[in-house]
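This report concerns a protein model with a bound ligand. Please examine the sequence and structure shown here before reading on.

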Amino acid sequence: MQPDHLTINRDVWNADAANWVAFAQNRWRLDPPEWGNWGNTEESLNLLPTDMAGMNAIELGCGTGYVSYWMHRRGAHVTGVDISAEQLSTARGLAAAHGADIRLIEGNAEATGLPDAVFDFAISEYGASIWCPADKWLPEAWRLLRPGGRLVFLGNHPLSLLCSPLDGAPANLTLHRPYRNMWGADWTQVAFEPTGVCFNLTIAAWWTLFAEIGFDVTNYQELYAPEGAKGTRAAVPADWASSYPVEQVWHLMKPE
Ligand SMILES: C[S@@+](CC[C@H](N)C(=O)[O-])C[C@H]1O[C@@H](n2cnc3c(N)ncnc32)[C@H](O)[C@@H]1O
């Protein structure tokens with residue numbers, strides 16, 4: 001049985017928030033943006049519309065709020081939702097420091113309580129995209145988007161989860177868990193860097209879920225560590241992430 005991910009993940013992020021302030025300060029300053037654990041550039045990925053003037057945009061699991069700020073900088077009216085009061089406190093402090101008018105709401109990305117069909121663009125970078133079950137947060141994103149609205153989300157590639165040892169040690173070249181029926185992983189009790197409960201699906205299951213909800217897939221990107229990357233990030237060594245897809249980005253549209 002899957003554990004109570006909402007309480008666990010909220011508590012994990014409240015406890016860990018202080019460790020992400022310096023990273024957040026750096027990301028808020030980045031122009032143009034860089035994405036994910038390996039800092040792939042916006043120029044290479046095109047995750048955001050270039051001109052967001054007048055768009056209503058929402059970030060689901062906004063954390064420290066830098067993606068929200070990047071959208072604000074492009075002219076959008078931005079709402080960020082996060083379940084962790086401590087992460088939002090960092091986001092609010094940085095929004096004030098940057099003079100950014102961003103609506104930041106403490107809440108669950110699976111059930112935001114916001115009205116139907118009010119957003120032109122929704123995004124999640126390692127937010128709801130990995131911390132919420134896809135069959136819970138994707139229908140909510142669908143509900144929030146107007147027809148023609150787009151959702152972009154970035155998270156771990158399923159292959160990186162397959163190659164991650166059960167004890168949380170860095171990824172290697174062994175398949176450590178079944179791909180069939182993949183749902184994610186409970187990292188709360190592992191020996192190395194325990195954290196919360198994360199979700200992922202097989203590629204086919206992602207496609208099936210998008211079709212069931214009614215999303216069109218407009219693009220799918222597999223991300224690698226950029227050339228020259230060194231070290232280990234989020235328990236994946238650079239040489240692994242340079243040869244195998246470490247992150248994925250789905251681009252979806254709610255049809256008109
Ligand atoms: C790695 S951060 C990603 C956000 C942002 N890219 C950043 O790095 O600051 C993950 C965030 O997801 C949030 N989160 C986890 N579960 C959530 C849920 N059910 N609803 C909203 N936010 C959630 C956490 O509180 C955390 O702030």
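The sections below describe the surroundings of the ligand and then the packing of two helix pairs.

## Ligand environment

The model is predicted. In it, the ligand is surrounded by 19 residues, and the closest of these are Thr64, Asp82, Asn108, Ala109 and Glu125. Sorted by class, this shell consists of nine nonpolar, eight polar and two charged residues.

## Polar contacts and burial

Nitrogen atoms of the ligand are approached by two neighbouring positions in the sequence. Asparagine 108 places a polar side-chain atom 3.0 Å from a ligand nitrogen, whereas alanine 109 uses a backbone N or O atom, at 2.9 Å from a ligand nitrogen. On the oxygen side, a polar side-chain atom of tyrosine 66 lies 3.0 Å from an oxygen atom of the ligand. The ligand on its own would expose 580 Å², of which the protein buries 95%.

## Helix packing

Helix α2 (residues 21–29) and helix α4 (residues 66–73) have axes that come within 9 Å and cross at roughly 15 degrees. Angles under 35 degrees count as roughly parallel, and α2 and α4 are therefore roughly parallel to each other. The crossing of α2 past α4 is right-handed.

For helix α7 (residues 134–144) and helix α9 (residues 203–213), the axes come within 10 Å and cross at roughly 40 degrees. These two helices, α7 and α9, are therefore oblique to each other. Helix α7 passes α9 in a right-handed crossing.

Methods:
Residues numbered from 1 in each chain as written. Predicted model: local features only at pLDDT ≥ 70, side-chain atom pairs only at ≥ 80, totals over all residues. Heavy atoms only, no water. Near = heavy atom within 4 Å. Polar contact = N/O pair within 3.5 Å; in protein donor to acceptor, adjacent residues only side chain to side chain. Areas by Shrake-Rupley, 256 points an atom, 1.4 Å probe, with all protein chains shown as cover. Nonpolar A, V, L, I, M, F, W, Y, C, P; charged D, E, K, R; others polar. Axes fitted to C-alpha atoms, helices over the stretch in contact; angles between N-to-C directions. Helix = DSSP H or I, 4+ residues; strand = E, 2+ residues; numbered from the N terminus. Parallel < 35°, antiparallel > 145°, perpendicular 65-115°, else oblique. Left-handed = near helix turned anticlockwise from the far one by under 90°.
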